[in-house]
Amino acid sequence: MLSFLKEMVAVLLPVRCAGCGRDISFASGQWLCYDCLAALPATDYHLMPMNPVFQLFMHHRQVQFATACYFFHHDGILQRIIHQIKYHHHQQLGLFMGSLMAQMLEHHLASVDYLIPVPLHQRKERQRGYNQASLLANAMADCLHIPVAHHLLRRKVFTPSQTYKGREARQQNVQHAFHLHADADMLKGKHLLLVDDVLTTGATLNACVETLAVLPDVQISIVTLAITQS
Ligand SMILES: [Zn+2]
């Protein structure tokens, strides 16, 4: 009875669109109004094999495919969405965006064996309560029926917020930030998809690729929700 009441309340209470703040019906199961959904700035990079994201990582022979789904502009809708996922505990919005990524990319990810969210340091994950990259990966996994390899790629050192650091400092900061758990042997010979929220310089993902690339015969692909536009 209680769960029925909770469901009724959830259906009746409007939620705010994460893009424009307009009231929308919870019953739609969406966290963006139709206008905002239609206006999401898709990159369509997945349709271009030599897209700018792939070019960032193509020097690793293991990298098969790389893309970022949407443009992240200062004060733009992706900035609002990611801010709510990271700082306002809007985990449902993270799952929703992950399902959009899966719909966009399902034909490009058919050969992927495992999804691997870019890890946060444990201390940061404890502070936030979750890893936003894991939310995206979990939703993609549900839609694509591909398992998530949790906690095999790990973050070693606590990197303080990188927001105010220059490109070079960031790169040095994350270069040796990851390591593999002993159980990561199961990833040998597999096609792994790294999943993250925002691509800025690519330093973090590059460090992840370098860490995974020590696994024999591994193939690596990369997808992020958004890419920053300077
Ligand atoms: Zn809206």
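This note sets out points on the zinc site and on one pocket of a predicted model.

1. Zinc donors. The zinc ion is bound through four protein sulfur atoms, namely SG of C17, C20, C33 and C36, which lie 2.3 Å from the metal. Along the chain, these donors are arranged with the spacing C-x2-C-x12-C-x2-C.

2. Geometry. The angles among the four donor atoms of the zinc ion run from 104 to 114 degrees, and the site is tetrahedral. For reference, the ideal angle for four tetrahedral donors is 109.5 degrees.

3. Exposure of two donors. C17 has a relative accessible area of 4% and is therefore buried, because the cut-off for a buried residue is under 20%. C20, with a relative accessible area of 42%, is partly exposed, since that class lies between the buried limit and the exposed limit of over 50%.

4. Pocket volume and centre. The second largest pocket holds about 260 Å³ of space. Its lining comprises 15 residues, and those nearest the centre are P119, L120, E125, H151 and L153.

5. Secondary structure around the pocket. Three elements each contribute at least two residues to the lining of the second largest pocket: strand β4 (114–117), helix α6 (122–128) and strand β5 (153–155). Of the lining, β5 provides the most, with three residues.

6. Chemical character of the lining. The residues that line the second largest pocket divide into six nonpolar, six polar and three charged. A colleague setting up calculations may ask which residues lie nearest the centre of this pocket; they include E125 and H151, together with P119, L120 and L153.

Key: Residues numbered from 1 in each chain as written. Predicted model: local features only at pLDDT ≥ 70, side-chain atom pairs only at ≥ 80, totals over all residues. Heavy atoms only, no water. Donors = N, O, S within 2.8 Å, 3.2 Å for Na, K, Ca; no water. Tetrahedral: all angles 85-135°; square planar, octahedral: opposite > 155°, others 65-115°. Buried < 20%, exposed > 50% of the residue type's maximum accessible area, 1.4 Å probe, protein only. 1 Å grid on protein atoms, 1.4 Å probe; cavity = no way out; pocket = protein on both sides within 12 Å on 5 of 7 lines; lining within 4 Å. Points joined across faces, edges and corners; volume = space filled by probe spheres on them. Helix = DSSP H or I, 4+ residues; strand = E, 2+ residues; numbered from the N terminus. Nonpolar A, V, L, I, M, F, W, Y, C, P; charged D, E, K, R; others polar.
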